[in-house]
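This briefing concerns strand pairing and the burial of side chains. Please keep the sequence and the model at hand while reading.

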Amino acid sequence: MTHKGAENCCNFAEQVELIHSATYNYYPLSEGFPTPKGKTFTKEKRDMQTENTQRERKDGRERLVVLGGGFAGLNLIKRLDPKKYAVTLIDKHNYHTFPPLFYQVASSGLDEASICFPFRREIRKTHHDTDFVMSEVKEVKLDRKEVVTPWVTVPYDKLVVALGTTNNFFGNPDLIKSVYTLKSTAQAMRCRNDILDHLERATATRDDKLRRRLLSFVVVGGGPTGVEIAGALGEMKRFVVPREYRALPQDELKITLLEGSPRVLGTMSETASVKAKKYLEELMVEVHTGALMKSYEDNVVTLADGTQIEAGMVIWTAGVTGTPINFTGTDVPERGRGGRLVVDGENRVKGMTDVYALGDIALMPDVDEAFPQGHPQLAQVAIQQGTNLANNLNRKVGKEAKPFKYNDKGSMATVGRNRAVVDLKHTHFGGFFAWLTWMFIHLISILGMRNKVTVLINWLWAYFSYGTSLRLLLHPNRYPLRQRWGEK
Ligand SMILES: Cc1cc2nc3c(=O)[nH]c(=O)nc-3n(C[C@H](O)[C@H](O)[C@H](O)COP(=O)(O)OP(=O)(O)OC[C@H]3O[C@@H](n4cnc5c(N)ncnc54)[C@H](O)[C@@H]3O)c2cc1C
């Protein structure tokens with residue numbers, strides 16, 4: 001193990017492998033993975049030979065490699081000076097995503113293409129000579145200054161780690177095999193397919209016990225994502241089921257939200273928490289606070305106090321941890337709270353000269369007096385850190401670097417249509433106006449004009465009709481057998 005202080009229960013390498021396999025398995029885990037007999041999967045591996053990553057560059061520019069094209073990484077790249085840096089972006093997907101709307105994909109409110117944007121197109125617009133490599137980063141060899149992925153090894157002069165976070169199962173990593181999560185577009189699509197599958201199967205069955213089980217949904221975690229997906233399910237129960245699944249008794253559809261702390265939306269104001277709980281209850285969601293999930297087995301969730309709740313489907317939104325990758329070398333970076341990389345005020349990883357970390361994976365304690373424990377894991381923090389680091393890296397010789405200062409513009413969450421809660425610096429409000437504010441902010445933040453227009457049309461259509469053509473259950477074909485994407 002070459003990694004210090006990560007918040008892990010199991011062997012670190014095992015955790016990396018578990019997350020990797022969950023991301024790339026082609027088959028739904030519930031079906032089991034069919035390994036073709038006698039077939040071995042080989043990996044193509046070669047040194048990266050594109051223009052920006054040749055071992056010796058002739059044009060005098062530094063090779064800057066960015067890991068992760070989320071809000072932080074992409075925002076940094078857009079602002080870097082192309083005369084100074086030959087930039088390579090490595091991401092395990094070939095598109096940028098918009099995580100705040102994953103819950104809408106999971107609840108059939110939006111299609112996945114509306115919240116994804118291809119990197120190659122985005123990069124071409126700003127930095128025509130930025131390289132893009134689609135591959136999953138597994139290791140950084142600090143002594144050799146190389147990034148190792150299953151497909152390529154990429155050398156760097158300066159490295160920026162912006163890999164975000166992944167699900168945290170708090171000491172129970174096997175939960176990854178049985179619960180649904182919302183940390184990627186693929187996870188949101190899987191969740192959508194299975195919600196629809198449960199509704200279809202429940203409609204068809206004559207077995208009352210099975211039907212009740214299929215219709216029992218438990219959301220774990222009362223943060224913004226948990227509240228939003230529970231609200232969307234509540235809306236389905238209240239408005240969609242009576243219209244489109246008329247054979248289903250509405251009261252048999254049970255949606256339960258579990259939150260371990262005393263209130264939902266614990267990071268927002270008390271006003272927001274109270275309002276969100278009220279809105280959820282109006283949408284027929286049962287909210288249990290102070291309820292810690294201990295285990296999930298045989299379709300039963302057991303709480304720490306022994307209470308048992310039937311759950312045909314559990315959606316886990318209870319926690320995140322910094323994306324685990326292996327740092328090897330003589331001095332490996334320290335991981336702080338939440339498996340995040342500890343950085344200084346300029347986002348330089350503590351103890352390193354040429355390695356920076358940005359966004360959700362970075363923890364910057366004791367720098368910003370308003371956030372002594374580090375900043376919240378929010379899109380605005382990631383965007384602003386990307387901008388600040390780009391300005392610092394672009395600065396002229398002799399000019400002082402500027403430490404990061406977060407400009408907190410507020411936070412918000414929505415609970416179904418017409419209802420949202422907004423916390424601004426000096427005021428908190430909820431209801432219809434908050435919902436309009438939420439829609440406007442999200443609409444202007446999505447990348448790409450096509451995506452903005454599609455999302456707006458979908459929202460308007462759903463607002464007036466509750467109808468959406470997105471409740472399609474599309475299963476991928478089983479053959480040809482393939483173990484993982486990128487391996488054949
Ligand atoms: C469901 C959900 C809802 C949210 N809602 C809100 C909200 O309403 N408002 C708000 O401000 N924030 C919200 N957030 C948080 C916000 O999305 C994050 O703070 C923000 O995305 C962080 O940006 P980032 O660039 O650090 O990481 P990310 O945006 O997570 O980007 C990380 C990138 O790294 C890539 N990557 C990860 N691992 C690897 C690997 N091993 N190899 C290669 N590439 C890899 C990913 O593909 C991704 O492109 C939400 C998050 C989630 C999950």
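Two strands are taken to pair if DSSP finds at least two bridges between them. The model discussed here is predicted, and with that criterion in mind, strand E3 (residues 85–91) is joined to E6 by four bridges, the two strands running parallel.

**The five-stranded sheet**

- Strands E6, E3, E2, E10 and E23 form an open sheet, in the order E6-E3-E2-E10-E23, and their pairing is parallel.
- At the edges of this sheet lie strand E6 (131–134) and strand E23 (355–357), each of which pairs on one side only.
- From one strand to the next, the twist averages 20°.
- Within the pairing of E3 with E6, threonine 88 has aspartate 131 of E6 as its bridge partner.

**Strand E19 and its partners**

- Strand E12 (residues 180–181) runs parallel to E19 and is joined to it by two bridges, with tyrosine 180 having isoleucine 315 of E19 as its bridge partner.
- Strand E13 (residues 216–220) likewise pairs with E19 in the parallel sense, here over four bridges, and valine 219 stands opposite isoleucine 315 in E19.

**Burial of strand E19**

- In a regular strand, side chains alternate between the two faces of the sheet.
- Strand E19 (residues 313–316) is covered on both faces, since Met313 and Ile315 on one side and Val314 and Trp316 on the other are all buried.
- Buried, in this context, requires 20 or more other C-beta atoms within 10 Å of a residue's own.

Key. Residues numbered from 1 in each chain as written. Predicted model: local features only at pLDDT ≥ 70, side-chain atom pairs only at ≥ 80, totals over all residues. Axes fitted to C-alpha atoms, helices over the stretch in contact; angles between N-to-C directions. Buried ≥ 20, exposed ≤ 12 C-beta atoms within 10 Å, placed from the backbone.
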